[in-house]
Amino acid sequence: MSWFPHPSSPRAALRDLFAFMRHSSREQRIGAALALLVTAIIVIEFLIEPYTGTAPPPQVTYVQLYASNRTDADIIADQKKDMAAKAAGEKERQRQFQKLEKQLGM
């Protein structure tokens, strides 16, 4: 393999690693295993993270399409209708809060 230094090969590197591990103490092997375990956990976390659903779901926005030949009078009438509906919603919300206020004795 071309990325290894010339006098070495992957087999020679693995034989050297296994020879080193045979002559190491029990504590060194435990430390090496724990280091590999922690590294594996970190790599696995990075691989799993995109699938955990941390991104917000897509939000659907509904848009009302209008005819291109609307007159100004139609636009003003629609605006008045929308303002009346908004005012009625606010009035209903205010009524609900007043009802809650009476229930709580405020």
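Lys and Arg count here as positive and Asp and Glu as negative, with His and the chain ends left out of the tally. On that basis, the protein carries 14 positive and 11 negative side chains. The centres of these two sets lie 7 Å apart. The model is a predicted one, and everything below should be read with that in mind.

So what does the fold look like? There are 3 helices and 0 strands in the protein, and a walk along the sequence gives the pattern α-α-α. Helix α2 covers residues 26-48, while helix α3 takes in residues 72-104.

The overall dimensions come next. For a compact globule of 106 residues, the radius of gyration would be near 13 Å, but the protein comes out at 36 Å. Along the principal axes, its C-alpha atoms fill a box of roughly 90 × 55 × 15 Å. Burial was also looked at: just 1% of the 106 residues count as buried. The exposed surface of the protein adds up to about 10,600 Å², and carbon and sulfur atoms supply 63% of that area.

A few individual residues help to fill in the picture. Two of them, Thr39 and Ile41, sit in helix α2. Is Thr39 buried or exposed? Thr39 has a relative accessible area of 46%, so it counts as partly exposed. Ile41 has a value of 45% and is therefore partly exposed as well. Over in helix α3 is Ala73, and this residue is classed as exposed because its relative accessible area is 54%, with the cut-off for exposed set at over 50%.

Distances between chosen pairs of residues add some scale. Thr39 and Tyr66 are separated by 27 residues in sequence, and their C-alpha atoms are 58 Å apart in space. For Ile41 and Phe18, 23 residues apart along the sequence, the C-alpha to C-alpha distance is 24 Å. Ala73 and Pro57 are 16 residues apart along the chain, with 40 Å between their C-alpha atoms.

Finally, there are the aromatic rings. How many aromatic pairs does the structure hold? The count is 0. Tyr66 does have a charged partner, though: the charged end of Arg70 sits over the ring of Tyr66, at 3.9 Å from the ring centre. This is the same Tyr66 whose C-alpha atom lies 58 Å from that of Thr39.

Conventions. Residues are numbered from 1 along each chain as its sequence is written. This is a predicted model: local features need pLDDT of at least 70, side-chain atom pairs count only at pLDDT 80 or more; totals for chains, interfaces and linings use all residues. Side-chain values use heavy atoms; hydrogens and water are left out. Rings of Phe, Tyr and Trp (its six-membered ring) pair if their centres lie within 6.5 Å; planes under 30 degrees apart count as stacked, over 60 as edge-to-face and the rest as tilted. A charge sits over a ring if NZ of Lys or CZ of Arg is within 6 Å of the ring centre and within 35 degrees of the ring normal. Helices (H or I, at least four residues) and strands (E, at least two) are DSSP runs, numbered from the N terminus. The radius of gyration is taken over C-alpha atoms; the globule rule is 2.2 Å times the number of residues to the power 0.38. Buried means under 20% relative accessible area, exposed over 50%, partly exposed in between (1.4 Å probe, protein chains only). Accessible areas come from the Shrake-Rupley method with a 1.4 Å probe; for residues, only the protein chains shown count as cover. The place of a charge is taken as NZ of Lys, CZ of Arg, CG of Asp or CD of Glu.
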